[in-house]
Structure formats: C-alpha cells, structure tokens
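Please describe how the buried arginines and the helices that carry them are packed in this model.

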Amino acid sequence: HDIGKKEIDQEILQKPRMQMSRQELEIYEGHAMKGMEILAGVQGITEDIRQIVGQHHENCLGTGFPFHLNKHKILPLARLVSVANEFSKHIIKGPQTTVAMRPKDAIRQLKLFPDRFDGDFIKSLERIIKSNENTDDED
C-alpha cells in the first residue's frame, strides 16, 4: 500500500509529520496517488488494488487524504488497510512513533477515535490480538 513512498526522499520520510514543512507534507501525502500511478503500469494489478492503495489514508470522517472520502465511499478493503496501517504505526518504532506500543495499547489508541476508523475492523483486530495473547500464555 505504501509503494508510492519509494518516490519520496528518505529525508522527508524520516521526519515526524509535525516537523514537515507544508511542501514536505504535500509530497508525503502524495504517496497514495503516486502509488496508484506506479501500479497503473503493472500488468495484473486490478483497479480495486490501485484504489485500495490510493485510499489507504482516507478515514471514515472524510478528513483523510488524498480524496477526503467518507466511510461509505472508501472501499472496504481500503478501510481495513487503513486500520492495519495505523496499528502498525503504533507498534513499530519509526518517525511517527518514538516508542513502540504493545499491541493491546495500540488497539486502545485506535479506539480513542471511534469515528475515524472502521470499528468492525478494529474489533476484529482486537479479537486477533486477544486470541494471540491467550495462545502465548499457553506456551
């Protein structure tokens, strides 16, 4: 879903969003559209896949990017990728996350914004995390 980032200077990608200039933010937010463009030239990639890549930063409130779509206009699999992307951002240390969270804490963080993400996918992810915790306890 982030294939468009391969076209962005690493210096920009390593900056927290809050430290990006307006121009850098525009470049960063352009990665979804750039990903769609890259995939348009790849044989066998369907339009749905390109749309998922283009919509993975949209949110249910319509305040995401690049199209500002609300929940009902975002492909269901793009809503799923959005939740997975945000979850990953919290559990993997990177420019946007100085300390990696435990998975259950990341779920709690996602639940702080119940209207932003698709709640059904958050609940499913939470069930998966809980079932893995229970399996880990048995080992």
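A residue is called buried here when its relative accessible area is under 20%, exposed when that area is over 50%, and partly exposed in between, with a 1.4 Å probe and protein chains only. Helices (H or I, at least four residues) are DSSP runs numbered from the N terminus. This is a predicted model, in which local features need pLDDT of at least 70 and side-chain atom pairs count only at pLDDT 80 or more, while totals for chains, interfaces and linings use all residues. Residues are numbered from 1 along each chain as its sequence is written, and side-chain values use heavy atoms, with hydrogens and water left out.

In helix 5, the buried residues are A78, R79, S82, V83, N85, E86, F87 and H90. Helix 5 has 16 residues, which at 1.5 Å a residue should span 22 Å, and its end C-alpha atoms are 23 Å apart, in agreement with that value; the expected span is 1.5 Å times one less than the number of residues. In helix 4, which covers residues 47–55, the buried residues are R50, I52, V53, G54 and Q55, and these pack against helix 3 (31–40) and helix 5 (76–91).

Each of these two helices carries a buried arginine, as the table sets out; contact means heavy atoms within 4.5 Å, and residues up to four places away in sequence are not counted.

| Residue | Helix | Relative accessibility | Contacts |
|---|---|---|---|
| R50 | helix 4 | 15% | M36, L39, A40 and I45 |
| R79 | helix 5 | 15% | C60, K71, I74, D118 and F121 |

For R79, a polar atom of the side chain lies 2.9 Å from the backbone oxygen of I74. R79 and Q55 are 24 residues apart in sequence, yet their C-alpha atoms are 7.9 Å apart in space.

The surroundings of R50 lead on to the pairing of helix 3 with helix 4, whose axes come within 7 Å and cross at roughly 160 degrees; the axes are lines fitted to C-alpha atoms over the stretch in contact, and angles run from 0 to 180 degrees between N-to-C directions. Helix 3 and helix 4 are therefore roughly antiparallel to each other, a term for angles over 145 degrees. The contact is made by A32, G35, M36, L39 and A40 of helix 3 together with I49, R50, Q51, V53 and G54 of helix 4. R50 thus appears both among the buried residues of helix 4 and among the residues that meet helix 3.

Note on methods
Helices (H or I, at least four residues) and strands (E, at least two) are DSSP runs, numbered from the N terminus. A polar contact is a pair of N or O atoms within 3.5 Å; within protein, one must be able to donate a hydrogen and the other to accept it, and residues adjacent in sequence count only if both atoms are side-chain atoms. Angles under 35 degrees count as roughly parallel, over 145 as roughly antiparallel, 65 to 115 as roughly perpendicular and the rest as oblique.
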